[in-house]
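This report describes the ligand surroundings, the sheet, the nonpolar core and the unusual backbone geometry of one structure.

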Amino acid sequence: MKFFTNQLIKPYILESGYQSLCEIGAQRGNNTDEFLQVASLVIGIIDPCLDADLGEKYRDNNRVQLHKGISLDVLPRISGQFDCILIDGDHNWYTVYHELMTIEKRGLLKPEGTIFLHDVCWPYGRRDMYYQPELIPKEFMQPCKRQSLVRGQSEPHSPNKHAETFSAVHEGGERNGVLTAIEDFLKENRGEYKFFYSEEEHGLGVLRKTTSTIGNKIFNKHLRRARYRSVVPRLNNVTKVKFPALYSSLRELRDKARRKVA
Ligand SMILES: C[S@@+](CC[C@H](N)C(=O)[O-])C[C@H]1O[C@@H](n2cnc3c(N)ncnc32)[C@H](O)[C@@H]1O
């Protein structure tokens with residue numbers, strides 16, 4: 001996430017003149033600390049604090065307000081409006097779709113605001129992940145287990161009882177994954193938002209509510225950059241599938257070059 005925060009989100013926030021951010025899913029606050037480097041930014045965190053006591057961490061910081069809990073409990077009662085919202089919490093269709101619907105229905109995003117969403121590509125773009133499966137209504141849950149996922153591969157993987165989260169056994173299909181949730185949300189809110197996503201680092205979606213020339217300009221600038229940068233991961237994937245021997249040789253060369261630099 002740090003990659004996107006520094007390469008895309010922080011510059012985007014500065015260019016858009018945003019002053020407030022709601023961060024859904026902050027874990028240990030590593031990313032929050034990056035955002036705090038933007039001097040004027042005020043941050044609301046929504047996180048159940050499963051991994052760290054964020055209340056303690058930000059106790060003396062008056063630019064951070066913690067709403068301890070899961071997003072679908074907090075979003076319906078939180079007050080105010082945000083310039084931008086980062087969704088990086090529970091990466092499953094049910095949660096993300098309802099987060100977006102609640103944000104829209106409650107008007108939690110200011111006009112010209114932007115929602116950033118992490119993990120819109122492999123592995124969770126088309127596959128649900130659950131931190132706490134017991135909190136998801138049964139009818140919205142994919143069959144899931146604790147399992148290891150292999151980078152770039154969609155097939156079912158080996159069980160892993162040490163995995164921190166549960167993930168859907170099957171990839172794809174209806175109501176499965178973060179990108180599917182965004183697409184389903186957009187079907188119901190067509191024309192209201194502009195959307196693109198970057199394919200690097202598990203993917204970052206950018207959803208902007210804009211009617212202004214300047215808003216469109218900023219959005220289009222980052223869309224063009226993301227398209228340009230996506231060429232390399234795409235080429236990587238095609239080479240890996242179609243020319244595995246070439247892919248292995250290129251990786252060996254890359255690793256050798258990296259060892260030399262180190
Ligand atoms: C991928 S981590 C976030 C990482 C963080 N954005 C960063 O880059 O440092 C996901 C976090 O979301 C939290 N989480 C899980 N389910 C959630 C939910 N329903 N609402 C809000 N946060 C949730 C988890 O406790 C975890 O801290």
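A residue is near a molecule if its C-beta atom, placed from the backbone, lies within 6 Å of it. The structure is a predicted model, in which local features need pLDDT of at least 70 and side-chain atom pairs count only at pLDDT 80 or more, while totals for chains, interfaces and linings use all residues. Residues are numbered from 1 along each chain as its sequence is written.

**Ligand shell.** The ligand is surrounded by 19 residues, of which M1, G25, Q27, N31 and G89 come nearest. By class, the shell holds 8 nonpolar, 7 polar and 4 charged residues; here Ala, Val, Leu, Ile, Met, Phe, Trp, Tyr, Cys and Pro count as nonpolar, Asp, Glu, Lys and Arg as charged, and the others, Gly among them, as polar. At least two shell residues come from each of α2 (30-35) and β2. Helices (H or I, at least four residues) and strands (E, at least two) are DSSP runs, numbered from the N terminus.

**Sheet.** An open sheet of mixed pairing is formed by 7 strands in the order β3-β2-β1-β4-β5-β10-β9; two strands pair if DSSP finds at least two bridges between them. Its edge strands, β3 (64-68) and β9 (194-198), each pair on one side only. Strand β2 (residues 42-47) runs parallel to its partner β3, with 5 bridges between them, and I45 lies opposite L66 in β3.

**Nonpolar core.** A nonpolar core is a set of buried Ala, Val, Leu, Ile, Met, Phe, Trp, Tyr and Cys residues joined through C-beta atoms within 7 Å. The largest one has 52 residues, and I85, V96, L117 and I182 touch the most other members. Helix α5 (residues 93-106) contributes the most to this core, with 6 residues. Beyond its neighbours within four places in sequence, I85 contacts C22, I24, I103, L109 and I115, a contact being two C-beta atoms, placed from the backbone, within 7 Å.

**Backbone geometry.** Most residues other than glycine have a negative phi, and most peptide bonds are trans. The peptide bond between W122 and P123 is cis, with omega about 5°; P123 belongs to the loop between β5 (109-118) and β6 (129-130). Two residues other than glycine with positive phi are tabulated below.

| Residue | Phi | Loop |
|---|---|---|
| R175 | about 50° | between β8 (166-168) and α6 (178-188) |
| H202 | near 70° | between β9 and β10 (204-208) |

R175 counts as partly exposed because it has 16 C-beta neighbours inside 10 Å, whereas H202, with 20 such neighbours inside 10 Å, counts as buried. A residue is buried if 20 or more other C-beta atoms lie within 10 Å of its own, exposed if 12 or fewer, and partly exposed in between, with C-beta atoms placed from the backbone.
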